[in-house]
Amino acid sequence: MIGERPGTGTVIRTVVPAETGTVVALHARARATYYPDGIPQDGTDWAAVWHAAITRPDGQVLCAVRGGRIAGLASFRVPEGADADTVKLFQFHVDPDHWRTGVGTALHTACVEQWRADGHRAAVLDVHVDNRRAQAFYARQGWTPDPAHPPAEGDHHLFLRFPVRGE
C-alpha cells in the first residue's frame, strides 16, 4: 500500500510529525475552496489536531507526494465507541494545485487497500454540504449516502458510506 503508485508519479506514505506544518497549510488551502466567506475561525488549533492525528497509535495519516511535495492527505481510524468493522475517514484533502491530476484517486485507492488489510467492512465520512467538488469525487469512488445517518434539516454535513468489503 505504501509506496509509488505505478504510472501516477505519486508516492503514498505515512506522514511524520515533523510535517505537521505542511499538513496544516495544505488543509487550510483545501478548506478555503468551499468556504466562500473564508474559513470559520472557531478557535480550533489545527496544528494540535493534526499533530495528534499523526501521532495517534490507533489511527493513520497518509499523504500523497508528487514532485517531492505533499499533494494530498488522508486521516482515518475507527471512531471511539464504534464497531471495529467500520473505519472513519476524518480528513481527506488534495492541494487545489493538484486537483484532477489523479492524486486524490491514488490516495483513496491506498486508503481502501489499507482498510481491507485492516479487516474493515465499511468506511464512513462526513462532507460539508457546500463542498460539491468533494461530493462528486466521493460518488465517483463509490461512496453513497449513509442510511444510518440520513440528512436532517440544518445539517452542515452529509454522511456517506463506502463498502470496503462489498457490503
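Colleague: How much space lies in the largest pocket?

Modeller: About 970 Å³. Of the 46 residues lining this pocket, Phe90, Gln91, Phe92, His93 and Tyr138 are the closest to its centre. The elements giving two or more residues to the lining are H1, helix H2 (46-55), S3, S4, S5, H3, S6 and H4, and S5 has the largest share, 7 residues. Helices (H or I, at least four residues) and strands (E, at least two) are DSSP runs numbered from the N terminus.

Colleague: Before we go on, what kind of model is this?

Modeller: It's a predicted model, with residues numbered from 1 along each chain as its sequence is written; side-chain values use heavy atoms, leaving out hydrogens and water. Local features need pLDDT of at least 70 and side-chain atom pairs count only at pLDDT 80 or more, while totals for chains, interfaces and linings use all residues.

Colleague: What makes something a pocket, and which residues count as lining?

Modeller: You lay a 1 Å grid over the protein atoms alone, and a pocket is an open set of points where a 1.4 Å probe fits, with protein on both sides within 12 Å along at least five of seven lines. A lining residue has an atom within 4 Å of a point. The volume is the space filled by probe spheres set on the points.

Colleague: Tyr138 came up there. Which residues does Tyr138 touch?

Modeller: Leaving aside residues up to four places away in sequence, Tyr138 touches Leu89, Phe92, Leu125, Val127, Trp143 and Leu160. Contact here means heavy atoms within 4.5 Å.

Colleague: And what is the largest nonpolar core made of?

Modeller: It has 27 residues, and those with the most contacts inside it are Leu89, Phe92, Trp115, Tyr138 and Trp143. At least two residues each come from strand S3 (59-66), strand S4 (69-77), strand S5 (86-94), helix H3 (103-117), strand S6 (122-128), helix H4 (132-141) and strand S8 (157-162). H3 gives the largest share, 7 residues. Apart from this core lies another, of 11 residues, including Val15, Ala53, Ile70 and Leu73.

Colleague: What makes a set of residues a nonpolar core?

Modeller: They must be buried Ala, Val, Leu, Ile, Met, Phe, Trp, Tyr or Cys, joined through side-chain atoms within 4.5 Å. Buried means under 20% relative accessible area, exposed over 50% and partly exposed in between (1.4 Å probe, protein chains only).

Colleague: Which residues of H3 are buried?

Modeller: Among them are Val103, Leu107, His108, Cys111, Gln114 and Trp115.

Colleague: How do you compare the reach of H3 with what is expected?

Modeller: The expected span is 1.5 Å times one less than the number of residues. H3 has 15 residues and an expected 21 Å, and its reach from first C-alpha to last is close to that, at 21 Å. Gly119 follows H3, with a positive phi near 85 degrees.

Colleague: Why is the pair Asp95 and Arg29 called a salt bridge?

Modeller: The rule asks for a side-chain nitrogen of Lys or Arg within 4 Å of a carboxyl oxygen of Asp or Glu. Asp95 and Arg29 come in at 2.6 Å, N to O, so the pair passes. Asp95 sits in the loop between S5 and H3 and Arg29 in helix H1 (residues 20-32), 66 residues apart. By this rule the count comes to 5 salt bridges.

Colleague: Why is Asp95 put in one class of accessibility and Arg29 in another?

Modeller: Asp95 has 6% relative accessibility, so it counts as buried. Arg29 has 38%, so it counts as partly exposed.

Colleague: What about Lys88 and Asp126?

Modeller: Their side chains also meet in a salt bridge, at 3.0 Å, N to O. Lys88 lies in strand S5 and Asp126 in strand S6, so the pair ties together parts 38 residues apart in sequence. Lys88, at 19%, counts as buried, and Asp126, at 27%, as partly exposed. Elsewhere, salt bridges that share partners join Arg56, Asp58 and Glu80 into one network.

Colleague: Why is Arg100 classed as it is, buried or exposed?

Modeller: Its relative accessibility is 75%, so Arg100 counts as exposed. Arg100 is in the loop between S5 and H3, and its phi is near 65 degrees, a positive value in a residue other than glycine.
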